[in-house]
Amino acid sequence: MRKINIAIIGLGNIGSYLYKYLNKNKKILSKKNNCVPNITYVSAKTKNKKRQIKISKKKWLKNYMHATTNKNIDLIVELIGGSEGAAKKLVFSALKNKKHVVTANKALIAKYGDQLAKIAEKNKVNLEFEASVCGGVPIIRSLKEGLIANKISKIYGIFNGTSNYILSSMDKLNKDFKEVLTDAQQLGYAETNPSADLNGNDVSAKLKILTSLCFNSFLNNNIHVEGILNIDKIDIDNANKLGYKIKLLGFAELINKKIYQRVHPTLIKKSSYVASIDGVLNAVIVNGNPVGQSVIQGEGAGPAATTSALISDISSILRGNTKFPFSISNSERKKLSFAKISDRFFSAYFRFEVLDKQGVLSNITNIFSKNKVSIKRLIQNPNKNKGSSSIVIITHNSKNSYLDKILKTINKKKYILKESKLIRIHDN
Ligand SMILES: NC(=O)c1ccc[n+]([C@@H]2O[C@H](COP(=O)([O-])OP(=O)(O)OC[C@H]3O[C@@H](n4cnc5c(N)ncnc54)[C@H](OP(=O)(O)O)[C@@H]3O)[C@@H](O)[C@H]2O)c1
């Protein structure tokens with residue numbers, strides 16, 4: 001049987017799980033792919049580090065970069081991580097030296113994916129990155145193969161398990177943000193430095209990759225990004241009372257030949273499918289023609305789910321299925337126009353913490369009407385002991401730039417006690 005020689009570079013959480021799984025399942029994967037996945041080399045930063053896997057000395061590459069020129073390697077699996085440094089050097093050099101590459105590195109693909117895809121196409125090798133978006137959810141292969149017939153108009157969903165775990169636990173366990181984050185870190189759901197998960201950058205990188213695949217466009221940095229750091233327990237409670245859940249969602253839409261990419265906390269009806277996705281799960285919803293709406297959900301991270309995606313990519317290479325990394329040749333990818341969301345219309349939730357005194361409420365409603373934003377619901381909760389009041393306003397569909405302006409204007413008022421909140425609502 002034909003075989004493909006593989007080097008796994010990076011033996012951390014993901015790399016060591018993949019190494020074990022691939023060895024254990026070598027036979028069945030060989031039968032399914034009619035080709036043997038043969039791990040010839042591995043490497044990482046520190047050779048003598050204690051690992052949960054046993055590796056024969058012969059397999060260890062002293063210098064991981066030698067994998068890119070070693071004649072006994074056909075495929076390099078990059079599991080180092082990060083958009084710069086070792087991972088970048090390795091992947092650029094591997095493709096230039098005509099090695100297939102499989103990676104789980106969303107940061108690298110979101111930043112250098114276009115350049116890397118060009119080299120892979122020129123050298124007729126694969127660059128596969130299923131594991132970089134939503135762990136075990138096979139969204140990339142679905143877009144490239146299962147949904148190939150479709151013209152996609154919108155893709156959205158929950159692309160980050162850590163933030164989803166935090167938001168759903170704040171809701172279910174009645175705990176505040178800090179408490180839940182500590183729980184998540186203890187359970188291994190959040191990294192010691194969880195900033196990319198919480199500030200929206202992780203979702204942003206994944207969304208950029210999905211946008212390119214959906215609309216045959218190049219990667220584009222015109223994206224509106226907000227994370228969940230600003231979400232208080234009181235916002236979750238207010239949302240509940242109004243019939244909503246708060247989720248960190250990513251959206252990419254094609255409207256009148258313009259693409260809009262946005263990542264932000266969103267109020268979504270409790271009865272909707274996305275509202276039911278709790279914990280570390282991810283869910284991706286694709287609107288396409290002729291298929292209609294398709295939904296895939298599953299584990300968004302962790303060694304097991306990520307290995308499932310990596311093996312799918314490796315299998316594609318074992319079967320000799322050389323494809324364009326972004327589904328279409330570089331020369332056919334379109335330079336579509338990406339637009340800011342300022343002209344888009346959203347209904348929104350506002351929360352203002354104010355001094356409880358006469359004239360405040362009328363000043364706030366005046367600012368709304370001056371900015372052409374009409375109010376659908378207004379709830380005022382005074383706290384007589386503190387002399388303060390919490391005002392929640394739900395708006396009708398309004399221009400995003402006006403919603404932003406209202407927030408800025410009211411935040412400057414002397415009666416404001418805490419920074420005000422604006423959370424967009426997704427009504428369909
Ligand atoms: N963890 C997840 O749930 C998950 C999910 C989806 C995608 N991913 C992606 O998968 C990739 C790997 O993640 P991970 O969680 O496995 O990371 P990790 O546990 O930190 O492992 C990183 C590995 O890279 C090696 N490394 C670091 N710097 C290196 C260098 N300069 N030269 C050679 N090797 C170097 C480390 O070597 P030592 O072992 O010697 O320190 C380690 O083995 C990342 O791109 C990540 O975004 C992770």
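Two residues are taken to be in contact if their C-beta atoms, placed from the backbone, lie within 7 Å. By that criterion Arg-141 touches Glu-130 and Ser-312, leaving aside residues up to four places away in sequence. The model is a predicted one, in which local features need pLDDT of at least 70 and side-chain atom pairs count only at pLDDT 80 or more, while totals for chains, interfaces and linings use all residues. Residues are numbered from 1 along each chain as its sequence is written.

Arg-141 lies in helix α5, residues 139-146; helices (H or I, at least four residues) and strands (E, at least two) are DSSP runs, numbered from the N terminus. A residue is buried if 20 or more other C-beta atoms lie within 10 Å of its own, exposed if 12 or fewer, and partly exposed in between, with C-beta atoms placed from the backbone. Arg-141 is partly exposed because it has 15 other C-beta atoms within 10 Å. Its C-alpha lies 18 Å from that of Ala-120, and the two residues are 21 apart in sequence.

The domain assignment divides the protein chain into domain 1 (3-132), domain 2 (139-300) and domain 3 (342-426); such bounds come from an automatic or database domain assignment. The centres of domain 2 and domain 3, taken over C-alpha atoms, are 25 Å apart. Contacts between these two domains involve twelve residues of domain 2 and ten residues of domain 3. On the domain 2 side, α10 (233-241), β8 (244-255) and β9 (258-269) each supply at least two residues. The largest share of that side, six residues, comes from β9. By class, the side of domain 2 that touches domain 3 has seven nonpolar, four polar and one charged residues. Here Ala, Val, Leu, Ile, Met, Phe, Trp, Tyr, Cys and Pro count as nonpolar, Asp, Glu, Lys and Arg as charged, and the others, Gly among them, as polar.

Strand β3 (residues 75-78) is covered on both faces: Leu-75 and Val-77 on one side, and Ile-76 and Glu-78 on the other, are all buried. Strands pair if DSSP finds at least two bridges between them. Strand β1 (residues 3-9) runs parallel to β3 and is joined to it by four bridges, with Leu-75 of β3 as the bridge partner of Ile-6. Strand β4 (residues 100-103) also pairs with β3 in the parallel sense, over four bridges, and there Leu-75 is partnered by His-100.

A nonpolar core is a set of buried Ala, Val, Leu, Ile, Met, Phe, Trp, Tyr and Cys residues joined through C-beta atoms within 7 Å. The largest one has 118 residues, and Ile-8, Ile-9, Ile-76 and Val-77 have the most contacts inside it. Helix α9 (residues 201-215) contributes the largest share of this core, eight residues. Beyond residues up to four places away in sequence, Val-77 touches Ile-6, Ile-8, Ile-9, Leu-18, Val-102 and Leu-310.

The ligand has 22 residues around it, of which Gly-10, Gly-12, Ala-44, Gly-81 and Ala-86 come nearest; a residue is near a molecule if its C-beta atom, placed from the backbone, lies within 6 Å of it. This shell divides into ten nonpolar, ten polar and two charged residues. Helix α1 (residues 13-24) gives the most to it, with three residues.

Tyr-17 lies in helix α1. Tyr-17 counts as buried because it has 20 C-beta neighbours inside 10 Å. It touches Pro-303, Ala-304 and Thr-307, not counting residues up to four places away in sequence.
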